[in-house]
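Work through the exercises below with the structure open. Each task is followed by a solution in steps.

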Amino acid sequence: GAGELCRQWMLTETDRLLRRINAYGVTLTDYMPWGSNMDISNHGMMFCVAYQLTGEEKYRLAAEKQLHYLLGVNPLSYCYVSGFGSQPMSHPHHRPSVAQGVAQPGMLSGGPCSSLADACAKEHLQGQPAGKCFVDDFASYSTNEICIYWNSPLIALMAGVMKG
């Protein structure tokens, strides 16, 4: 039925994502789109669901690796969540944080964007590999913007990993 079709689609997609995992354990490699951290969070959620469906450790471990990347196990050692980790993102493209002079805690940065889509990114990131195309600067809206719909999959990923 429809439930089995959905289950099979989920497992096919998560297996495809598993084959793409790089040395940092994430599914994005040569190209990092605007909001790459949302994609990583979404993929992590998918791994959590696949683990719930199958109980297979490969999915639980893949979900954890997506979360670890977001929290600092990445080429730049940034925790992409403001206010947390040993090297947190601190200068988001977020007007209230800029006005107050401090990043509000708990916001997920968009993360690396290899298309260098703003002037700040173009100035600082020419020639960098995709995973290093991030500037912790409020002027870099293509790498350091925050959005509520980027935080949503992060929260779901965290809940899934903790439940795991």
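**Exercise 1.** Explain why Cys48 forms no disulfide, and check Cys120 as well.

Solution. The closest cysteine sulfur to that of Cys48 belongs to Cys6 and is 16 Å away, so the two are too far apart for a bond; a disulfide is a pair of cysteine sulfur atoms within 2.5 Å. Cys120 is in no disulfide either, since its nearest cysteine sulfur, in Cys133, is 12 Å away. By this rule the count of disulfides is zero.

This is a predicted model, in which local features need pLDDT of at least 70, side-chain atom pairs count only at pLDDT 80 or more, and totals for chains, interfaces and linings use all residues. Residues are numbered from 1 along each chain as its sequence is written, and side-chain values use heavy atoms, with hydrogens and water left out.

**Exercise 2.** Decide whether Cys48 and Cys120 are buried or exposed.

Solution. Buried means under 20% relative accessible area, exposed over 50%, and partly exposed in between (1.4 Å probe, protein chains only). Cys48 has 9% and is buried. Cys120 has 8% and is buried.

**Exercise 3.** Describe the largest nonpolar core.

Solution. A nonpolar core is a set of buried Ala, Val, Leu, Ile, Met, Phe, Trp, Tyr and Cys residues joined through side-chain atoms within 4.5 Å. The largest has 33 residues, and Tyr69, Leu70 and Leu108 have the most contacts inside it. Helices H1 (2–19), H2 (36–54), H3 (57–70) and H7 (148–163) each give it two or more residues. H2 gives the largest share, seven residues. Apart from this core lies another of six residues, including Leu116, Leu125, Cys133 and Val135.

Key. Helices (H or I, at least four residues) and strands (E, at least two) are DSSP runs, numbered from the N terminus.
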